[in-house]
Amino acid sequence: MTLRVLAALAFAAVVAVAGCSAEPERDGRPADVPDRSTPAADATEGVDPALAPFYTQELEWRDCGEGHQCSTATVPIDYADPGGDTIELALLRAPATSDDRLGSLLVNPGGPGASGVEYAQLAGSVVTEQVRERYDIVGFDPRGVAGSSPVDCIDDAELDDYLAADPTPDDDAEIADMEESIRDLAEGCQARSGELVPHVGTADVARDLDVLRAALGDEKLNYLGKSYGTFIGALYADQFPDRVGRLVLDGAIDPTLTGDALGLGQAHGFERALSTFLTWCFAQDNCAVGSSEDEARATLAGLLRQADQEPLATDDDNRPLTESLAFYGIILPLYLTADEGYEPLNEALDLALTEDDGTLLMTFADLYLERNSDGTYNGNANEVISLVNCMDHPESATADEAKAGLAEFTAASEVFGPFLAWGGLGCTALADGLGEAGGDPTASPTSEPAPHPPVTAPGADPILVVGTTGDPATPYEWAQALAGQLSSGVLLTYDSTVHTAYLAGSDCIDSAVDTYLLAGTVPDEGASCAS
């Protein structure tokens, strides 16, 4: 399950011919921003005394350019053993632009594996100027991610092979190849980052979030989480309901779903997004995939089968477009609006179908996977995502069980379902690889049984859950479910096809979210906004 948004933002910038960079230094930024954070007055209230040093630490900030400040926070690797080894979490703060400050707003863009530090560098594109005025926007790299003791499993060349590997095995030999590839990844993770591996799950990240809240000096947590970031926020609310401030969970995940159910939900979500693209495409003079729904789906499924059997040539002779990479190349534009993504997708499909040229789809896949032209990758999200998803959803499946479920996934989406059907087998192979390398993927004391119980957060202040009706990666039904579970959840609906809603082009959504963040006022029950 891949729930990243940063690559989609980069793609939107590319097709708009407008580079996305860290925001410039702002006029009006207070000159007396402190270089230390004073912990919250009640930082240790209700906290295990052994954890008190983490909650009362003073964060030291340094200038890191473009008007931003950087720091690190110390947290235990294992919350059940706070006297044991620790790690440092990377932080970046974009200070409030007015003196009328409400506190810190922690932000997370999703993933698992996306960098919150990089996200906060783009604070002017993450929140409105009104919110920028009142909050310090603080991004953090979750444990094991980017600048926070990053998990390292395989080198970039090996990662190329891993990401290009066959995602839809057709026989026992191909199933064995898939299992071996995932076990190799797991063994590399255990060899290079073994102590941290069993503690990268989201329940541990949520505990880190409470340490950050206290160290930043806030009595309650104010938080904007998108996509996978909503899972972090939901688990935080359930663990620390009395410390919930203003939480915006945009593009929500239903915490109660198993890994298979999440994959199946995404198959339905991407299928809906594909239908929207096809409606647009059929209205064009040059729709690359045909003129009817059945023809188009058969054409796309055939393209993926072709890439499986004989990868398409690209402008790099050493990197043909495999089925896996074609999948990523197709879904990236589906995260976006018609104006942003559909014409480039149609062009890429036309090249692939008429000229057997996978170059443009490969470009989109590389954007999605954050691969640079020199063969390096930005961060370690492609390694983290497998670990975190399998820690959070440790259900396993045999090859026979995965094959038995394939029909249901294919019925949900002929194009995307087969790719998403093998997640349970992947987690089985990952656990086997960790075990063979001497690790224990179930060792985290904060691991939850699967499925996770409903997240209720009893007594929490109102929590704003935002769902987009046509969201391909986090289907609207998940937002409905999360809002219904939370005792104080309020659902805000966006009638659109984009992945996540805030600052996605709707003044109505932006106004409702801002009113909540700035005044604490939630929308009326049943509130919705049109695209």
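How many bridges join strand E6 to E7, and in which sense do the two strands run? There are 5 bridges, and E6 and E7 run parallel. Strand E6 covers residues 103–108. Before I go on, a reminder: this is a predicted model.

Let's stay with E7. This strand spans residues 135–140. It has another partner, strand E5, residues 86–94. E5 and E7 pair in the antiparallel sense, over 4 bridges. Take Val 138 in E7 as a landmark. Arg 93 stands opposite Val 138. Leu 106 stands opposite Val 138 as well.

Is E7 buried or exposed? Buried: 6 of the 6 residues are, so the strand is largely enclosed by the rest of the structure. Look at the faces. On one side sit Tyr 135, Ile 137 and Gly 139. On the other side sit Asp 136, Val 138 and Phe 140. Both faces are covered.

Now some backbone details in the loops. The peptide bond from Gly 111 to Pro 112 is cis, with omega near 0 degrees. Pro 112 belongs to the loop between E6 and helix H3, which covers 116–121.

Move on to the loop between E7 and H6. Ala 146 is found there. Its phi is positive, about 50 degrees, although Ala 146 is not a glycine. Ser 149 is in that loop too. Phi of Ser 149 is near 45 degrees, again a positive value in a residue other than glycine. Ala 146 is partly exposed, at a relative accessible area of 26%. Ser 149 is partly exposed as well, at 28%.

Next, charges. Side chains of opposite charge can pair when their charged atoms come close. In this model the count comes to 15 salt bridges. I'll pick out a few.

Start with Asp 160 and Arg 371. Their side chains meet in a salt bridge, 2.9 Å from N to O. Asp 160 lies in helix H6, and Arg 371 in the loop between helix H14 (359–369) and helix H15 (381–392), so this pair ties together parts that are 211 residues apart in sequence. Both Asp 160 and Arg 371 are buried.

Then Glu 271 and Arg 297. The closest N and O atoms of this salt bridge are 2.3 Å apart. Glu 271 is in helix H10 and Arg 297 in helix H11, so the pair links parts 26 residues apart in sequence. Glu 271 is buried, with a relative accessible area of 13%. Arg 297 is buried too, at 12%.

And Arg 319 with Asp 366. Here the closest N and O atoms are 3.0 Å apart. Arg 319 sits in the loop between H11 and helix H12, while Asp 366 is in helix H14, so the salt bridge ties together parts 47 residues apart in sequence. Arg 319 counts as buried, at 13% relative accessibility. So does Asp 366, at 12%.

There is also a network. Asp 172, Asp 400 and Lys 403 are linked by salt bridges.

Last stop: the surface. Which helices each supply at least two residues of the negative patch? Helix H6 (156–164) and helix H7 (172–193) do. The residues gathered in this patch of negative charge include Asp 155, Asp 156, Glu 158, Asp 161, Asp 170 and Asp 171. Glu 180, Asp 184 and Asp 374 are also among them. So is Asp 177, which lies in helix H7.

Methods
Residues are numbered from 1 along each chain as its sequence is written. This is a predicted model: local features need pLDDT of at least 70, side-chain atom pairs count only at pLDDT 80 or more; totals for chains, interfaces and linings use all residues. Side-chain values use heavy atoms; hydrogens and water are left out. Patches are made of residues with over 30% relative accessible area and no salt bridge: like charges are joined within 9 Å, nonpolar side chains (Val, Leu, Ile, Met, Phe, Trp, Tyr) within 5 Å. Accessible areas come from the Shrake-Rupley method with a 1.4 Å probe; for residues, only the protein chains shown count as cover. A salt bridge is a side-chain nitrogen of Lys or Arg within 4 Å of a carboxyl oxygen of Asp or Glu. Lys and Arg count as positive and Asp and Glu as negative; His and the chain ends are not counted. The place of a charge is taken as NZ of Lys, CZ of Arg, CG of Asp or CD of Glu. Buried means under 20% relative accessible area, exposed over 50%, partly exposed in between (1.4 Å probe, protein chains only). Two strands pair if DSSP finds at least two bridges between them.
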